Amino acid sequence: MRIAEQVTFGGSGLNRAAELRGDADAVARLAAQDTARVLPVWRGKPLLAGGDLRRPGWLPFGHDLLEGREPPVFLGLDEAGPRFACDVSGWEPDQAAGTLDAFYDPSQQHPPGLPGDHAFAELRGSMPLMTPRDAELAAMARAVLGWHQTHGACARCGSRTRMTMAGWQRDCPECGTRHFPRTDPVVIMLITRGNSVLMGRSHHWPEGMQSLLAGFVEPGETVEAAVRREVLEETQIRVGQVDYLASQPWPFPMSLMFGCRGAALTEAITVDPVELESAMWVTREEMMDVFAGNSTQLKPARNGSIAHFLIWNWLADRLD
């Protein structure tokens, strides 16, 4: 797919400078530069800035919000200067939000001492507004800090691990095991039959929302086999030819989405009620109404997601 990397989080050519991660002195010198900035992330929500929260809210080293936190993770070298990320989940807002564990958290938290247009906010709401570079940095920050939060203990011996390699590794001091940031492979598939696309609805999604089927790749399984297995398990539809289209890093919490298209060999749907609430075939004309906002029954996949990207380009006949 020629426009594959235009998907949100698709990459911006950031210089991640991985060769510097093991050089603590070099990273310290970068952090001491006047242009160095840190992106705070609070319970999975990056600090965003601007009237529509479309850019990361970078803070200088030494800001009060960053004091007493875990060492920052080195993200890379942006043209504007070195970029880092820091978990500030220990900060307590004046009013706790009751929607933090929801599928989409619309609440915003405003740290004191910052402009009014700065807030910790759900990245899903801002991702389609961001520049490719800002989106890549925000996704990196959210994903790698989320990994640190859930992998503080050694999977081999259970001992507490420590952050090394500028945040891109955790080492166990007891058994010597080294742990690296985890990325889970997921297939998401545009399954078509004639003029229709297969859509499904998960139990916890907002009312009316439909999207492409998706599922985790299992050990010892190819991407193509995972596409066929997931579609069969969830809908009992058999899939023939499978082609890769595009990929998307998905930091909710730390996946890599492999976007594929597949040709359905059968049409009758039998939904697995454990996996899906419902599934249906949607014609191209019906999907155009959905994207135009003219459907009272269906809502499109969220803008910025690879599902939205694949469906939109299917409608535009740009999947080559």
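Visitor: Is Gln210 buried, partly exposed or exposed?
Guide: This is a predicted model, and Gln210 sits in the loop between strand 11 (196-201) and strand 12. Its contacts beyond four places in sequence include Trp205, Met280, Leu298 and Pro300. Buried means under 20% relative accessible area. Gln210 has 5% relative accessibility, so it counts as buried.

Visitor: Thanks! Which residues form the covered face of strand 12?
Guide: A general point helps here: in a regular strand the side chains alternate between the two faces of the sheet. In strand 12 (residues 213-216), Ala214 and Phe216 make up the uncovered face. The covered face consists of Leu213 and Gly215.

Visitor: What is the bridge partner of Ile188 in strand 12?
Guide: Strand 10 (residues 184-193) pairs with strand 12 in the antiparallel sense, over 4 bridges. Ala214, on the uncovered face of strand 12, takes part in this pairing. The partner of Ile188 is Ala214.

Visitor: Let's move to the start of the chain. How many residues of strand 1 are buried?
Guide: Strand 1 (residues 37-42) pairs with strand 5 (residues 81-87) in the parallel sense over 5 bridges, and Leu39 stands opposite Ala85 there. Strand 1 is also joined to strand 2 by 2 bridges, with the two running antiparallel. Strand 1 is mostly covered, and of its 6 residues the number buried is 5.

Visitor: Which residue takes a positive phi in the hairpin of strand 1 and strand 2?
Guide: On the strands themselves, Trp42 stands opposite Lys45 in strand 2. The hairpin has 2 residues between the strands. The one with a positive phi, near 50°, is Arg43.

Visitor: Is Asp52 buried, partly exposed or exposed?
Guide: Asp52 lies in the loop between strand 2 (45-49) and strand 3 (55-56). Not counting residues up to four places away in sequence, Asp52 touches Ser126 and Leu129. Buried means under 20% and exposed over 50%. At 36% relative accessibility, Asp52 therefore counts as partly exposed.

Visitor: How far apart are the C-alpha atoms of Asp52 and Ala24?
Guide: Along the chain, these two are 28 residues apart. In space, their C-alpha atoms are separated by 37 Å.

Visitor: Which are the edge strands of the open sheet with the order 7-8-9?
Guide: This sheet has 3 strands with antiparallel pairing. Strand 8 (residues 169-171) pairs with strand 9 over 2 bridges, where Arg170 has His179 as its partner. An edge strand here pairs on one side only, and that describes strand 7 (162-164) and strand 9 (178-179).

Visitor: At about what angle does helix 3 run to strand 8?
Guide: Helix 3 spans residues 132-150. It lies across strand 7, strand 8 and strand 9. Its angle to strand 8 is about 15°.

Visitor: And why is helix 5 called oblique to helix 6?
Guide: Helix 5 (residues 284-291) and helix 6 (residues 306-315) pack with their axes 10 Å apart, at an angle of about 125°. Roughly perpendicular covers 65 to 115 degrees, and roughly antiparallel begins over 145. The angle between the helices therefore makes helix 5 and helix 6 oblique.

Visitor: How many of the residues in the contact of helix 5 with helix 6 are nonpolar?
Guide: Helix 5 brings Arg284, Met287, Met288 and Phe291, which meet His308, Ile311, Trp312, Trp314 and Leu315 in helix 6. The division gives 1 polar residue and 1 charged residue, and the nonpolar ones number 7.

Definitions and conventions
Residues numbered from 1 in each chain as written. Predicted model: local features only at pLDDT ≥ 70, side-chain atom pairs only at ≥ 80, totals over all residues. Heavy atoms only, no water. Buried < 20%, exposed > 50% of the residue type's maximum accessible area, 1.4 Å probe, protein only. Pairing = 2+ DSSP bridges. Contact = heavy atoms within 4.5 Å. Axes fitted to C-alpha atoms, helices over the stretch in contact; angles between N-to-C directions. Parallel < 35°, antiparallel > 145°, perpendicular 65-115°, else oblique. Nonpolar A, V, L, I, M, F, W, Y, C, P; charged D, E, K, R; others polar.
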